[in-house]
Amino acid sequence: MEKADLKPASVFKMFAEINKIPRPSKHEEKIIEFLKNFGESHGLETKVDETGNVLIRKPATKGMEDKPTVILQSHMDMVCDKLVNVDFDFSKDAIQTYIDGEWMHAKGTTLGADDGIGDAIELAILVSDDIEHGPLECVFTRDEETQLTGAFGMKPGFMTGKYLINLDSEEEGEIFVSCAGGKSTTATFNFKREEAPVDYFFMQANIKGLKGGHSGDDIEKKRANAIKLMARFLYKENEKFDLRLARWNSGRMHNAIPRDGEVVFAVPADKKEEVKADWNVFTHDVEDEFHVTDTTMDWHLGSTDRETVIPKTVSTNIIRALQAVDNGVFAMCQDEALAWMVETSSNTASVQTSDDKVVIVASQRSNVMSNLENMCNTVKAVYQLAGATVEQNDGYPAWKMNPNSELVKIAVEEYKKLFGNEPVVKGIHAGLECGLFSEKYPDLDMISFGPTLRHVHTPDECLYIPSVQKVWSHLLAILKNID
């Protein structure tokens, strides 16, 4: 498949334009300006709220003025991750895409289809002159990927529609009607560095090539977590030897399973060969343990230059805490109809070391708010016991399913007419902005769907091209027939 053959052409044209514009989370100024100019240049009512959300209104096509107003919503920011050896600046460089079969990829970086393809669908509808629809409000929120800042900051009344279609889901043929709530936990270990004993040997351990993935969508797939793997090795060695930790850096995004990491530590010089032997055994065993999910693990252990270290007590507490803390699936849904879905989970997302502190970030999710609180407290307690200062953000609420949704009925019926089979109506363990919208707009009828994406939040992110046409056709059918 060539780029010239991409369909719908208008959607992929808009996606290419969007990918020229830097849009890291919390740095969306350029994409906000682009969207504002886009709406105004097409003669459409456009407004930007004080948070930075953009709304562009399009009047109904002739004869459809009495249709209810539909909100189309996506987020403008993207997760910025790249391969270690790729030279790329997300603050100024354009995403470079290529096609492999029926999949679109980016060259060494995240693709930005989460949620750039949703943005592109909205823009293509805004510029069209041959689509039948009632009044539309196209909404682009900022900073969804880190703290849902746009949805949190949006005031009631910014949107006025009766129905909302969120275009931020990642499996064509599935219509989402609920999502998990979530929080982030940040643990900080403060210390004053010191010199390691004179006869200590310094070593650097690296791991890369893990699958990683989205900490909500992919958490049940039992993929390896780079931080937890390194914690397992360091815990065993710390129990055997007088190990001193110097640096630990792994993971970048709070909502991604970490794929790589680096640790610098020191051990008595006469124990270095034992450490190397343990490393070889450990890595072999772990590769066997994850032989299904992570087939390209790349390990390295070697000597490195001497440097100051974290005091022994703090070093041990960090290692023990990261060995002990819950990670992965905590509970599956108790409802028999949803027994396949994760209810509660936690992901240890990043460890970053500076001169005087180690900062650990983990994210917790649950469709049951009381169990979300329990999971957050469980993680918090581990770090408190280890002597860290722990902070948790306010989080975001779950989105509860509306069993009487008219929008769901319409979406299912139109899908069946188009494709001859029923879509799957389900909940998702990831967070969606619909949870916050449901609090501010309690009468809003909402669904979420989108094209098929794989490996989001990683440089392996890819978009299944044929699914875009199906989503486009489905969306236009809903807009034409909603009443």
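Reader: What do the buried residues of H7 pack against?

Author: In this predicted model, the buried residues of H7 pack against S9, helix H5 (226-240), strand S12 (244-250), strand S17 (342-353), S18 and helix H8 (369-385). Packing here is about contact, and contact means heavy atoms within 4.5 Å.

Reader: And which residues of H7 are called buried?

Author: They're Val 314, Ser 315, Thr 316, Ile 318, Ile 319, Ala 321 and Leu 322. The word has a cut-off: under 20% relative accessible area.

Reader: How do you know what span H7 should have?

Author: Helix H7 covers residues 312-324, which is 13 residues. You take 1.5 Å times one less than the number of residues, so the expected span is 18 Å. The end C-alpha atoms of H7 are 18 Å apart, so the model agrees with that value.

Reader: Let's move to cysteines. How many disulfides are there?

Author: The count comes to zero disulfides. Cys 333, for one, is in no disulfide, and its nearest cysteine sulfur, in Cys 179, is 12 Å away. Set that against the cut-off of 2.5 Å between sulfur atoms.

Reader: Why is Cys 462 without a bond to Cys 80?

Author: Distance again! The closest cysteine sulfur to that of Cys 462 belongs to Cys 80 and lies 18 Å away, so a bond is ruled out: that's too far. For background, a disulfide is a covalent bond between the sulfur atoms of two cysteines.

Reader: Are Cys 333 and Cys 462 buried or exposed?

Author: Cys 333 has a relative accessible area of 13%, so it's called buried. Cys 462 comes out at 5%, so it's buried as well. The limit for both is under 20%.

Reader: Now the empty spaces. What makes something a cavity, and how many are there?

Author: A cavity is a set of points where a 1.4 Å probe fits but cannot get out. Counting those of 30 Å³ or more gives four. The largest cavity has a volume of about 90 Å³, and the second largest has about 50 Å³.

Reader: Which residues lie nearest the centre of the largest cavity?

Author: Asp 81, Arg 252, Ala 256, Ile 257 and Pro 258, out of the 13 residues that line it. By class, the lining of the largest cavity has five nonpolar, four polar and four charged residues.

Reader: What lines the second largest cavity?

Author: Its lining is made of Glu 172, Gly 173, Glu 174, Ile 175, Tyr 415, Phe 449, Val 471 and His 474. At least two of these come from strand S8 (174-179), and at least two from helix H11 (465-481). The classes are four nonpolar, two polar and two charged.

Reader: What makes a pocket something else?

Author: A pocket is an open set of points, with protein on both sides within 12 Å along at least five of seven lines. The largest pocket holds about 450 Å³ of space. It is lined by 22 residues, and Asp 217, Asp 218, Glu 220, Lys 221 and Lys 426 are closest to its centre.

Reader: Which strand gives the most to the lining of the largest pocket?

Author: That's S20, with three residues. By class, the lining of the largest pocket has eight nonpolar, four polar and ten charged residues.

Conventions:
Residues are numbered from 1 along each chain as its sequence is written. This is a predicted model: local features need pLDDT of at least 70, side-chain atom pairs count only at pLDDT 80 or more; totals for chains, interfaces and linings use all residues. Side-chain values use heavy atoms; hydrogens and water are left out. On a 1 Å grid over the protein atoms alone, a cavity is a set of points where a 1.4 Å probe fits but cannot get out, and a pocket is an open set with protein on both sides within 12 Å along at least five of seven lines; lining residues have an atom within 4 Å of a point. Grid points are joined across faces, edges and corners, and a volume is the space filled by probe spheres set on the points. Ala, Val, Leu, Ile, Met, Phe, Trp, Tyr, Cys and Pro count as nonpolar, Asp, Glu, Lys and Arg as charged, and the others, Gly among them, as polar. Helices (H or I, at least four residues) and strands (E, at least two) are DSSP runs, numbered from the N terminus. Buried means under 20% relative accessible area, exposed over 50%, partly exposed in between (1.4 Å probe, protein chains only).
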